[in-house]
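Trainee: Got a minute to go through this one with me? I'd like to get a feel for the fold and the ligand site.

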Amino acid sequence: MGLFLAQDITKIYRSGNTKITVLNNLSINIERGEMTAITGASGSGKTTLLQILGTLARPTTGSLFFNGEDLTRKNQQELAEFRNRSLGFIFQFHHLLPDFTALENVLMPALIAGHDRKEMIPAARRLLERMELNHRLHHKISELSGGEQQRTALARALIMKPALVLADEPTGNLDSRSGNLVFNLFQDLCRERELATIIVTHNNDLADRMDRRLTLKEGILKE
Ligand SMILES: Nc1ncnc2c1ncn2[C@@H]1O[C@H](COP(=O)(O)OP(=O)(O)OP(=O)(O)O)[C@@H](O)[C@H]1O
């Protein structure tokens, strides 16, 4: 078993009398430091899968193991703590707080976990500097460009030193130059820290640069 294992995951949505099987006995094993891209047609279930892998939604059946620990046995409170400690999220709906500065946004997960603000500031600064945002530490999110916001979101996802980062179109609304910059910075950090990532993307160039590329089709993942 690797760092993270999702085993025999099924997800069935019920709407009225009809059932939609979106995930159908899907399994995926992620090793430490491994970078995986997941592609798939619109409606194939990528968002559903990412939410289940991130423990934000429960599968209809199946199990999730992180470092050998069964996540399906945890209650909501324990899962929230697990996510804060071990996972990083770069999701479109995980919004940055627009009225707070880049530095404050990056500090947020650490403050939620009960860390001392003063002690965490150097790590937050270092991450933002790595993201080439030294000159924007004290700017409000609302004053940053799309690419700068995205890099802030990356820094925020990494502040707790998670073992696994889940990303949904991390360069989705950026032009290709800015998207490449964001992705390069992210990939360098992942390699350095042996950080595993699962990225859902429609971007073939990006998917090809990952260690492994999977396609979600008919409820299962194919190499
Ligand atoms: N809460 C829900 N109730 C019922 N059906 C749902 C629900 N959420 C998603 N679905 C259906 O499940 C399927 C997969 O949706 P999902 O959003 O996971 O796909 P996706 O691959 O992320 O699509 P896209 O690339 O268009 O964002 C779709 O057919 C969708 O209509």
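**Two loop residues and a sheet**

Mentor: Sure, and let's start with a loop residue: E218 is exposed, because just 12 other C-beta atoms sit within 10 Å, and 12 or fewer counts as exposed. Keep in mind that this is a predicted model.

Trainee: OK, where is E218 in the chain?

Mentor: E218 lies in the loop between β9 and β10. Its phi is positive, about 50°, although E218 is not a glycine. Most residues other than glycine have a negative phi.

Trainee: And E169, what's its phi?

Mentor: Near 45°, so to speak on the positive side, and E169 is a residue other than glycine too. E169 is found in the loop between β7 (164-168) and α6 (176-193). With 19 C-beta neighbours inside 10 Å, E169 counts as partly exposed.

Trainee: Switching to the sheet: what's the strand order?

Mentor: It's an open sheet of six strands, β6-β7-β8-β3-β9-β10, with mixed pairing. β6 (87-90) and β10 (220-222) are the edge strands, each pairing on one side only. From one strand to the next, the twist averages 20°.

Trainee: Is β7 buried or exposed, mostly?

Mentor: Four of the five residues of β7 are buried, so the rest of the structure largely encloses this strand.

Trainee: Which strands does β7 pair with?

Mentor: β6 and β7 are parallel and share four bridges, with G88 partnered by V165 in β7. β7 also runs parallel to β8 (residues 196-200), joined by five bridges. There, L164 has A196 of β8 as its bridge partner. The chain gets from β7 to β8 through α6, and this β-α-β crossover is right-handed.

Trainee: How many bridges are there between β3 and β9?

Mentor: Four, and the pairing of β3 (residues 35-39) with β9 (residues 212-217) is parallel. T39 has T215 in β9 as its bridge partner.

Trainee: Now the ligand. Which residues are around it?

Mentor: Y13, S15, I20, V22, G40, S42, G43, S44, G45, K46, T47 and T48.

Trainee: Which elements supply them?

Mentor: β1 (4-15), β2 (18-30) and α1 (46-53) each supply at least two residues of that shell. α1 gives the most, with three residues.

Trainee: How many are polar, and how many charged?

Mentor: Eight polar and one charged, and the shell also has three nonpolar residues.

Terms used
Residues are numbered from 1 along each chain as its sequence is written. This is a predicted model: local features need pLDDT of at least 70, side-chain atom pairs count only at pLDDT 80 or more; totals for chains, interfaces and linings use all residues. Two strands pair if DSSP finds at least two bridges between them. Axes are lines fitted to C-alpha atoms, for helices over the stretch in contact, and angles run from 0 to 180 degrees between N-to-C directions. A residue is buried if 20 or more other C-beta atoms lie within 10 Å of its own, exposed if 12 or fewer, and partly exposed in between; C-beta atoms are placed from the backbone. A residue is near a molecule or strand if its C-beta atom, placed from the backbone, lies within 6 Å of it. Ala, Val, Leu, Ile, Met, Phe, Trp, Tyr, Cys and Pro count as nonpolar, Asp, Glu, Lys and Arg as charged, and the others, Gly among them, as polar. A crossover is right-handed if, with the strands pointing away from the viewer, the path from the first strand over the helix to the second runs clockwise.
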